[in-house]
Amino acid sequence: MPQGRVLVIAGSDSSGGAGLEADQKVIGAHGCYAMTATTALTAQNTLGVVDIHYTPPSFIRKLIDACISDIGVDVVKTGMLASAETIRVVARALQEHHVKLTVVDPVMVSTSGSRLLPMEAIRELREDLLPHTTVLTPNVPEALLLLSDAGLSAEAPRNVNDLIRVAKAVHSLGPKFVLLKGGHLPLTRDGDVTNKAADRVLMVDILYGEGVITRIESAYQNSKNTHGTGCSLASAIASNLANGLDVVRAVKRACRYVEAGIKTSTDLGHGNGPINHFHSTYTLPFAPGRFIEYVLERPDVQKPWRDHTEHEFVCGLADGTLPVERFKYYLIQDYLFLVQFARANALAAYKSKAIETTAEAAKMVEHIHHEMALHVDYCKGFGITKAEMEASEESQACTAYTSRYVLDIGQSEDLFALQIALAPCLLGYYAIAKRLHSDPKTKRDGNPYWKWIEAYVADEYVDAVRVGSGENEQPSPMSIKFNTCKELIEKSAPFQSPSRIGESVRIFICATKLETGFWSMGIGPSRSGGS
């Protein structure tokens, strides 16, 4: 669905815990787009408000017009409106722009006790704004001030039934729904207001509208980190409405969002700290399409990756000093490896739930089969026949890597994990061959392994020719395997959880070490100590 657009008309909090700063965090955390019309700049922190610089009402109107006339708006949320004239300007703007959904947080007093709305402005708020409000979110002191200004009974509530009575009374002032926040009144298990710390068990918010009472309960939290809870709650409601939820569901989810924000908060400042606005969201440690780059740049990956790509076996390929008999043994094991590699990709096709991904994995098996045919031809140059390779026994390194580890990951984990387990082979061979091919120190003339190096970078040349000249050349099997592997991983990576990302990195490291063991096998026990 389209991204919800929320315009916040409120004051700025220099400490970031409340006001526009908190609003934008909340709206972003809910996947919506935030716009702002700043009514005032406050110099404040967790201890209180130091000073306020008010925005001229005429300029506030320009801010509102600029946003709505261009980007449009789904929901408007108001916070600190600061003055009677600002309230009149905002009310007119909302009517003239035909704004259908509004969430009004009647900010009058900050959490630290600082007054943010003059008493003479309450009437304008009540008469000009409330009749056009979708959801009004007063706390108990604000509700009593509104009722008192209207000349209605305004006794402090002593239990849940009194909270319902106050909510209904405020509803009579014009808003479609009233969410009376009970955060200032911790209750006993029986629903009575208490001042005794040991008896504080419940917090109850009352939503009233369309003749229906919705009671939203949460466990009492003894936390000082409540700075900006009102702003955050109202913005969460606005975001939920912008995302298409009905009022009751929007409010319930917003209450749970703030409840978790308090519960997961950490202490900041010396007073009332802010809530945790991002408790249910996380930021990927990599940009979309850059997962593999992120993995290879991690400190815990760099050493095993360097051990693999700069292995003694690789150095022997570069300068041509690798004993031919060891290379021939490697070629035989590599053929046996490709058999198991094809099986792993066939398993990937089976594990895929999307036909497109299944088809890609099936193509990989086909390309591996084609690569094996090329491998057989290449081995003829070293006097190795297909029959000899198929009759050979797998080395322990080959069995441990493919038959044991990769296929075990494929059986016990999901498709993404299997793709990660397969990745070090494809990525490593490509990186090694690319480096050796471009390194002027790599021996070319008289190097029996130069053709092997060229085979793994041929795709780079073919692709360049195809794109640059428009020739319809086909990429090599290695090119297809490399690009398919990378595309499948990059496509899936952004949908993984943080813990899953960590687990995938551990799989990559383990597979890389096993791939390194394959090189050590090629060196042999006399030079590397391997088997």
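Helix H16 supplies the largest share of the lining of the largest cavity, namely four residues. The model is a predicted one, in which local features need pLDDT of at least 70 and side-chain atom pairs count only at pLDDT 80 or more, while totals for chains, interfaces and linings use all residues. Residues are numbered from 1 along each chain as its sequence is written, and side-chain values use heavy atoms, with hydrogens and water left out.

The term cavity denotes, on a 1 Å grid over the protein atoms alone, a set of points where a 1.4 Å probe fits but cannot get out; a pocket is an open set with protein on both sides within 12 Å along at least five of seven lines, and lining residues have an atom within 4 Å of a point. Grid points are joined across faces, edges and corners, and the volume is the space filled by probe spheres set on the points. Helices (H or I, at least four residues) and strands (E, at least two) are DSSP runs numbered from the N terminus.

Three cavities of 30 Å³ or more are found in a search of the whole structure, and the largest has a volume of about 100 Å³. Helices H12 (324-351), H13 (355-380), H16 (415-438) and H19 (477-492) each contribute at least two residues to the lining of this largest cavity. Among the lining residues are Asn345, Thr357, Met364, Leu415, Gln419 and Cys485. By class, the lining holds nine nonpolar, three polar and no charged residues; here Ala, Val, Leu, Ile, Met, Phe, Trp, Tyr, Cys and Pro count as nonpolar, Asp, Glu, Lys and Arg as charged, and the others, Gly among them, as polar.

The β-structure may be considered next. Nine strands form an open sheet of mixed pairing, in the order S3-S2-S1-S4-S5-S6-S7-S8-S9. Its edge strands are S3 (48-54) and S9, each of which pairs on one side only. Two strands are taken to pair if DSSP finds at least two bridges between them.

Within this sheet, strand S1 (residues 5-13) is largely enclosed by the rest of the structure, because eight of its nine residues are buried. Buried means under 20% relative accessible area, exposed over 50%, and partly exposed in between, with a 1.4 Å probe and protein chains only. S1 pairs in the parallel sense with strand S2 (residues 33-45) over nine bridges, and Val6 has Ala34 in S2 as its bridge partner. The chain passes from S1 through helix H1 (residues 19-29) to S2 in a right-handed β-α-β crossover; right-handed signifies that, with the strands pointing away from the viewer, the path from the first strand over the helix to the second runs clockwise. S1 also runs parallel to strand S4 (residues 75-78), to which four bridges join it; there, Val8 is partnered by Lys77.

The connecting helix H1 has Gly19, Leu20, Ala22, Asp23, Val26, Ile27 and Ala29 as its buried residues. These pack against S1, S2, S4, helix H7 (229-242) and helix H8 (247-263), where contact means heavy atoms within 4.5 Å. Just after H1, Gly31 adopts a positive phi of about 75°.

Further along the sheet, all eight residues of strand S8 (residues 202-209) are buried, so this strand is likewise largely enclosed by the rest of the structure. Leu202, Val204, Ile206 and Tyr208 lie on one side, and Met203, Asp205, Leu207 and Gly209 on the other. Strand S7 (residues 177-180) runs antiparallel to S8 and is joined to it by four bridges; Val178 has Tyr208 as its bridge partner, and Leu180 has Ile206. Eight bridges join S8 to the antiparallel strand S9 (residues 212-219), with Leu202 partnered by Ala219. S8 and S9 form a hairpin with two residues between them, and Glu210 in the turn has a positive phi of about 55°.

Several of these elements meet again at the largest pocket, which holds about 1,100 Å³ of space. Of its 49 lining residues, Gly183, His184, Thr226, Thr229 and Gly230 are the closest to its centre. Elements giving two or more residues to this lining are S1, S2, H5, S8, S9, H7 and H8, and H8 gives the most, with five. The lining of the largest pocket divides into 19 nonpolar, 22 polar and eight charged residues.
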